[in-house]
Amino acid sequence: MNGGYINPPAEKRQFRDPYADWWDKQERRNYGEPVHEDNDILGMFSPEEYTHFKPGKGALLLGTFVATVLGLCTAVYPYYPDKPSAPRAFPGGLDIELGGEGTLHAISEDER
């Protein structure tokens, strides 16, 4: 009790009967009903509580998704090309064009 104020049980208004005869239909509250001290969390304008399925089923769905993506990556990897199908060769290996001596050389005609 807070100074004689009766704090009602914490019940999210989202879970109250929407078809009941409420005085305030939007907030699902009757006239004169005491308000919980955490009304900002329990009211209708607070974020909706997620109740679509339990955490176990959510973990199963997430695991299935991850396994599917990894399985697809594993199946595609052997067929995905790592390099061009026909490497290009340049006369002289483009030594001058790529910076001269001491730089990384491109494939020359004789290395092909």
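A nonpolar patch of about 480 Å² lies on the surface of this predicted model. The residues that make the patch are L62, F65, V66, V69 and L70. Aromatic pairing is the other topic of this briefing, and a search of the whole structure finds two such pairs.

**Nonpolar surface patch**

- L62, one of the residues making the patch, is found in helix α2, which spans residues 55-76.
- The relative accessibility of L62 is 56%, so this leucine counts as exposed, the cut-off being over 50%.
- Alongside L62, the patch includes the phenylalanine F65, the valines V66 and V69, and the leucine L70.

**Aromatic pair W23 and Y31**

- Of the two aromatic pairs found in the whole structure, one joins W23 to Y31, with ring centres 5.0 Å apart.
- The ring planes of W23 and Y31 meet at 65°, and the pair is therefore edge-to-face, a class that requires an angle over 60 degrees.
- W23 has a relative accessible area of 57% and is exposed.
- Y31 also counts as exposed, at 67% relative accessibility.

**Aromatic pair Y50 and F53**

- Y50 and F53 form an edge-to-face pair, in which the distance from centre to centre is 5.9 Å and the angle between the planes is 90°.
- Y50 counts as exposed because its relative accessibility is 55%, and the threshold for that class is over 50%.
- F53 has a relative accessible area of 33%, so this residue is partly exposed.

Methods:
Residues numbered from 1 in each chain as written. Predicted model: local features only at pLDDT ≥ 70, side-chain atom pairs only at ≥ 80, totals over all residues. Heavy atoms only, no water. Patch = residues over 30% accessible without salt bridge, like charges linked within 9 Å, V, L, I, M, F, W, Y side chains within 5 Å. Areas by Shrake-Rupley, 256 points an atom, 1.4 Å probe, with all protein chains shown as cover. Salt bridge = Lys/Arg side-chain N within 4 Å of Asp/Glu carboxyl O. Helix = DSSP H or I, 4+ residues; strand = E, 2+ residues; numbered from the N terminus. Buried < 20%, exposed > 50% of the residue type's maximum accessible area, 1.4 Å probe, protein only. Phe/Tyr/Trp six-rings, centres within 6.5 Å; stacked < 30°, edge-to-face > 60°.
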